[in-house]
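User: I have a chain to go through before setting up calculations. Could you take me through the model?

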Amino acid sequence: MKLTGKMAGILGGSALLVGLAASPANATTIENHYPETPALNPTLPIVNTYHGSDHIKPNVLNPHPVCNALEDRRTVVYKVNDNFSPVGTISTTNHTTKDIPLTQETSKSQTINISVNGEQGNSTTINAGASKDGGTFGIAEEISKKIGFEASYQLSWNAGQTIGPYDVPPGYTGEATYGFRTVTMSGTQQICGADGRWTNPTAWNAFVPVKNEVEVKLYNNPADS
């Protein structure tokens, strides 16, 4: 009877252990949601990390932090596109028998502004460095300079601005398309959390005017217009 009792006790204990191992009761599930960052381009990303101090400082939550809690900021750019954004076209056909030096004037006013979406607040150093209305100029300007573009906060074409002169041969049409050269950028931003580790990245993108631009072409076949 004693042996039976011991066996029952052992089996009962084993069953309890198996039961505990198999049951996920009271388990805590932690979920983090953040944009997936694609594989980094070797020519990009451009990483801009700001450290509030010249050294990494331990804190009460983390004796070996990777960044300074609530001070440091990090921006990564992993995609850049250079574009021409047209806003108007003027065409003139030369029906004379000689070349003409063609001068054209823009027919309407157009303005384009810088825009930044998704950044983590306007208090970061790169945002505040050259911020204007909206506080978003700094980050785009900083990154644009790194990739070789001079950012502009705002560019305009006014009605009556002159394009040309450029020579148009007899029978040809001179066509000028005016607009803006722009750069679009995508990336992520992070701030340093209270425990001295980088927080989940926040998606960020910017649309940056670079300069006014005119594209001119000559054609004598309407199919080329």
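Analyst: The answers below cover the fold, the surface and two backbone details. This is a predicted model, in which local features need pLDDT of at least 70, side-chain atom pairs count only at pLDDT 80 or more, and totals for chains, interfaces and linings use all residues. Residues are numbered from 1 along each chain as its sequence is written, and side-chain values use heavy atoms, with hydrogens and water left out.

User: How many helices and strands are there, and in what order do the elements run?

Analyst: The chain has three helices and nine strands; helices (H or I, at least four residues) and strands (E, at least two) are DSSP runs, numbered from the N terminus. From that end the order is α-β-β-β-β-β-α-α-β-β-β-β.

User: And how much of the chain is buried?

Analyst: Of its 225 residues, 32% are buried, meaning under 20% relative accessible area with a 1.4 Å probe, protein chains only. The chain exposes about 13,400 Å², of which carbon and sulfur atoms supply 53%; the areas come from the Shrake-Rupley method with a 1.4 Å probe.

User: Changing topic, which residues does the cis peptide bond join?

Analyst: It joins Gly164 and Pro165, with omega at about 10 degrees. Pro165 belongs to strand S7 (residues 162-168).

User: Where is Leu70, and what is its phi?

Analyst: Leu70 lies in the loop between strand S1 (46-50) and strand S2 (73-93). Its phi is positive, about 60 degrees, although Leu70 is not a glycine.

User: Is that side of things buried or exposed for Leu70?

Analyst: Leu70 is exposed (over 50% relative accessible area), at 61%.
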